[in-house]
Amino acid sequence: GESILWYGEGLIRRRLGEPSRTVEIAEDGVERWPQDRRLRTGLLNAYRDAGRTDDALTQARVALDITPDDLSPLHDASWAFMDAERFPEAAGLFEELVGKDPAYPGARACMHFARWKAHGSEDDKRVLVSLRERAAPLPAAQSARAWLSSLPESSSHCRLWFMKLRNRPVS
């Protein structure tokens with residue numbers, strides 16, 4: 001229904017890099033349609049962009065209550081903690097995600113990455129390097145940045161870090 005207008009406006013404001021305006025629009029939408037999962041996820045990402053990490057997690061939990069089978073809000077909230085460099089908490093959220101769905105795209109790699117950032121674990125670093133070794137090779141004529149941008153968002157974050165772990169330049 002009409003809630004799609006608020007969701008769309010929030011997406012536009014987010015793309016324009018207007019975090020405070022995005023939060024206003026998303027909060028207004030959630031106030032009008034509190035059970036709309038899309039709007040809750042939009043608000044969580046607005047809070048993420050505004051640096052309101054704990055508020056982002058709160059919205060993720062509400063979105064999960066509304067639609068328990070859609071784990072994308074938990075993934076987005078995990079990355080909000082990564083963005084805020086709250087690595088131990090991010091690791092815990094990625095572990096929760098893997099616990100709920102071991103096959104969630106990119107979640108296991110992100111979990112190892114968050115744990116490595118949190119604790120400097122050599123075991124997690126070895127897993128990350130191993131995953132990087134198994135990744136498809138970068139086509140010679142394609143820049144690393146173009147390759148990364150062709151990946152789904154959920155995997156591009158972690159793959160960028162795999163490349164850094166291998167000291168492979170990103171052009």
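A residue is called buried when its relative accessible area is under 20%, exposed when that area is over 50%, and partly exposed in between. The exercises below apply this and related terms to a predicted model.

**Exercise 1. Establish what kinds of secondary structure elements the protein chain has and in what order they run.**

Solution. The count comes to ten helices and zero strands. Read from the N terminus, the order of the elements is therefore α-α-α-α-α-α-α-α-α-α. As to the chain overall, 40% of its 171 residues are buried. Its accessible surface is about 9,100 Å², and carbon and sulfur atoms contribute 50% of that surface. Among contacts with a separation of 6 or more, 49% join residues 24 or more positions apart.

**Exercise 2. Classify glutamate 85 as buried or exposed, and describe its backbone.**

Solution. Begin with the location: glutamate 85 lies in the loop between H5 and H6. Next, take its relative accessibility, which is 60%. The cut-off for an exposed residue is over 50%, so glutamate 85 counts as exposed. Finally, consider the backbone: phi of glutamate 85 is near 60 degrees, a positive value in a residue other than glycine.

**Exercise 3. Determine how helix H3 is oriented relative to helix H4, and name the residues that form their contact.**

Solution. Two packed helices are described by the angle between their axes and the distance between the axes. For helix H3 (residues 37-49) and helix H4 (residues 53-66), the axes come within 8 Å and cross at roughly 165 degrees. Because angles over 145 degrees count as roughly antiparallel, H3 is roughly antiparallel to H4. The crossing of these two helices is left-handed. On the H3 side, the contact is formed by Arg37, Arg40, Thr41, Leu43, Leu44, Tyr47 and Arg48. H4 supplies Asp55, Ala56, Gln59, Ala60, Val62, Ala63 and Ile66. Sorted by class, the residues of this contact are eight nonpolar, two polar and four charged.

**Exercise 4. Carry out the corresponding analysis for helix H5 and helix H6.**

Solution. Helix H5 (residues 72-83) packs on helix H6 (residues 87-100) at an angle of about 160 degrees, and their axes are 8 Å apart. This angle makes H5 roughly antiparallel to H6. H5 and H6 pass each other in a left-handed crossing. From H5, the contact draws on Leu74, His75, Ala77, Ser78, Trp79, Phe81 and Met82. The partners in H6 are Phe87, Glu89, Ala90, Leu93, Phe94, Glu96, Leu97 and Lys100. By class, ten residues of the contact are nonpolar, two are polar and three are charged.

**Exercise 5. Decide on the orientation of H3 relative to H5, and list the residues that meet.**

Solution. The axes of H3 and H5 come within 10 Å and cross at roughly 5 degrees. Since angles under 35 degrees count as roughly parallel, H3 and H5 are roughly parallel to each other. Thr41, Leu44, Asn45 and Arg48 of H3 meet Pro73, Asp76, Ala77, Trp79, Ala80 and Asp83 of H5. This contact comprises five nonpolar, two polar and three charged residues.

**Exercise 6. For asparagine 45 and aspartate 49, find the burial class and the contacts beyond four places in sequence.**

Solution. Asparagine 45 belongs to helix H3. Its relative accessible area is 7%, so asparagine 45 is buried. With neighbours within four places in sequence left aside, asparagine 45 is in contact with Arg14 and Asp76. Asp76 is also among the H5 residues in the contact of H3 with H5.

Aspartate 49 is likewise placed in helix H3. At 37% relative accessibility, aspartate 49 counts as partly exposed. Not counting residues up to four places away in sequence, aspartate 49 touches Arg14 and Pro19. A further relation concerns threonine 22: aspartate 49 and threonine 22 are 27 residues apart in sequence, while their C-alpha atoms are 9.0 Å apart in space.

Methods: Residues are numbered from 1 along each chain as its sequence is written. This is a predicted model: local features need pLDDT of at least 70, side-chain atom pairs count only at pLDDT 80 or more; totals for chains, interfaces and linings use all residues. Side-chain values use heavy atoms; hydrogens and water are left out. Helices (H or I, at least four residues) and strands (E, at least two) are DSSP runs, numbered from the N terminus. Buried means under 20% relative accessible area, exposed over 50%, partly exposed in between (1.4 Å probe, protein chains only). Contact means heavy atoms within 4.5 Å. Accessible areas come from the Shrake-Rupley method with a 1.4 Å probe; for residues, only the protein chains shown count as cover. Axes are lines fitted to C-alpha atoms, for helices over the stretch in contact, and angles run from 0 to 180 degrees between N-to-C directions. Angles under 35 degrees count as roughly parallel, over 145 as roughly antiparallel, 65 to 115 as roughly perpendicular and the rest as oblique. A crossing is left-handed if the near helix is turned anticlockwise from the far one by less than a right angle, and right-handed if clockwise. Ala, Val, Leu, Ile, Met, Phe, Trp, Tyr, Cys and Pro count as nonpolar, Asp, Glu, Lys and Arg as charged, and the others, Gly among them, as polar.
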